[in-house]
Amino acid sequence: MSTGASLDRPLTRNVRPDRSPTDLVAYEANGGYRGLRGTIGTLSPADCLQIVKDSKLRGRGGAGFPTGMKWSFVPMDNADGGHKYLICNADEMEPGTFKDRLLLECDPHQLIEGMILSAYTIQADIAYIFIRAEYHKAARLLREAIAACYDKGYLGKDILGSGYTLDMQVHSSAGRYICGEETALISSLEGKRANPRAKPPFPQVSGLWGRPTIVNNVETLCNIHHIIERGADWFQGLGLTEDAGTKMYGVSGRVKNPGCWELPMGTPIRQIIEEYAGGMEDGYSLRGFLPGGGSTDFLTPEHLDLAMDYDTIGKAGSRMGTGTMIILDDQTCPVGFVKNLMEFFARESCGFCTPCRDGLPWSAQVLDDIEHGRGRPEDMDTLARQVTFIGAIGNTHCALAPGAMEPLQSAMKYFREDFERHITGGSCPWCDGGAH
Amino acid sequence: MSELIPAVSIVEPLDEVALAAGETTLSAAELAEIDAEISHVPYRSAVAIDALKIVQAHRGWVSDASVRAIARHLHMGAAELDGVATFYNLIYRRPVGENVILLCNSISCWIKGCEQLQQSITTRLGIGLGETTADNRYTLLPVTCLGACDKAPVMMVGEDLHENITEHSLGELFGNTANPAQGGSE
């Protein structure tokens, strides 16, 4: 884990090598809550919104939507005087993604300070942290940190004498990947099945209990107090390319040193994999990688010199997603790899719309047939039709099923001969070697 | 589903006939915890998931009778609540062992051999996915990516995360040889 200079790695400045949590005393000793003290009652919510807009911060949950623009859709006249909500999406479940756990477990106050300033900006009066059930340690640390903030007057009524009031609580979930989709998350927080909702209306206008609601990822919110305290120019200067800030990048798979590092946005992929992750394990070579979680398209060694940022990876035909890469090595079967992902997405479908509920198990079955040597040549056409139909935005209720098609469609493009070897040979070339 | 039709109207208190028919009531501790959640939300049924988790924490799992009792307290239909309960994989609608093993089988753990680990656990404990050992110590379930992919393969036992699992670490946790005495049951 990187614990380098605090100036250029703001998100991990309090992360210790042993990953022990930073408590309130240590957090404040390192400048924590200075941003809150200097902002609440000094800068207006409109000032804060402008800074976040100018910073060009983009959502770190995977979609990369500009955070300031998202916030700008929240009605600010609040004529009816009802509640407005800020929700932190700490439901980290994207396959191959392990960045938010680090931020939550190592520096809970950074998230809370960011949430208070974010809530202040949209004038929310209630904030939730929606955290996956399995993150027991993080949930406990967050509850302790929130209690400490109430004692200090950073949360509750009339924060630091500013007249601004905010309550915050942790909601521990009960499982299911789909809860990470922001409208499904809202359904779940209301105590319902986590079915995504049709948009419009967008949550910014009608979200939790029909009230204006912003849902942001953990890493996004952790950036906020740094941006408001240090300014938009500073934040933009952190990035190496057009995209601003730093990014939590990760690498998993058969590399020498799998891990998660905060690096300048736009760091070259090769540097992340070869320098930080230590390159491939001895005896393995790189065939491809998913740049940002299980629902992103494969890239290949020819893409290693690209900058890891939203636009560059988008132009290469994939998405940066969560920024945590999953490596496909030469001794792992690409068909088995994609089958594992498809079975995951089929299992995690909420079941609401037909293409996802029935289409993903069908795709998984075809992949299972191919993997086990029962594939027929026409299966490739079947998969191609599924990619076209299920992958098209608008044919499904939410982005889960189109996301599931991304690794499949790109595997069929880059590793087509491997699919065909399974079909013509009647078995998996990798299974025969016992490699997986 | 027929079992879920409430024996009494959902807002009526339980009478002796209903209790004799296998109904259950929520304990004072369960009610206190659920009511604390209700105080934060605009309407009672909004705490459905919290209430299910609270009862599960007390009883280990959520029975049909527990679903009916929670539904009565939240002023909602038992079938609607069961629709919520069965949606979430960490609400257990069947009894589970004292320790639930959540084995990650998502992509990074798959690359690092989680299928072999699953086989090994099955050999050692005599249970497949969804099954509980006869001595009721362990239930084995698959789980979504646990967010520790740099330490793959990983699993949780109870609330503890186990990283970089090997045959050796499985041996330390569950014993080194197959244990036929622990044969599985659904």
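These are my notebook entries on the domains, a sheet, a helix pair and the chain contact in this predicted model.

**Entry 1, ground rules.** I kept in mind that this is a predicted model, in which local features need pLDDT of at least 70 and side-chain atom pairs count only at pLDDT 80 or more, while totals for chains, interfaces and linings use all residues. Residues are numbered from 1 along each chain as its sequence is written, and chains are lettered from A and ligands numbered from 1 in the order in which they are written.

**Entry 2, domains of chain A.** I looked up the division of chain A and found domain 1 (10-238), domain 2 (246-329) and domain 3 (334-433), with bounds that come from an automatic or database domain assignment. The C-alpha centres of domain 1 and domain 2 of chain A lie 27 Å apart. Their contact (C-beta atoms, placed from the backbone, within 7 Å) takes 15 residues from domain 1 of chain A and 20 residues from domain 2 of chain A.

**Entry 3, a sheet in chain A.** I then followed four strands (DSSP runs of E, at least two residues, numbered from the N terminus) that form an open sheet in the order S6-S5-S8-S7 of chain A, with mixed pairing; two strands pair if DSSP finds at least two bridges between them. Strand S6 (259-264) and strand S7 (286-290) of chain A are the edge strands, each pairing on one side only. Strand S5 (residues 246-252) of chain A is joined to S6(A) by six bridges, and the two run antiparallel; A:Thr246 stands opposite A:Pro264 in S6(A).

**Entry 4, a helix pair in chain A.** Which way does H14(A) run relative to H15(A)? I found that helix H14 (residues 354-371) and helix H15 (residues 378-390) of chain A (helices being DSSP runs of H or I, at least four residues) pack at an angle of about 155 degrees, with their axes 10 Å apart. The axes are lines fitted to C-alpha atoms over the stretch in contact, and angles run from 0 to 180 degrees between N-to-C directions. That angle makes H14(A) roughly antiparallel to H15(A), a label given to angles over 145 degrees. Among the residues that meet are A:Trp362 and A:Val366 in H14(A), and A:Leu383 and A:Phe389 in H15(A).

**Entry 5, chain B against chain A.** Finally I looked at the two chains and noted that 32 residues of chain B are in contact with 38 residues of chain A. Helix H3 (48-59), helix H5 (78-85) and helix H6 (107-111) of chain B are the elements that give two or more residues to this side of chain B, and H6(B) gives the most, with four residues.

Key: Parallel < 35°, antiparallel > 145°, perpendicular 65-115°, else oblique.
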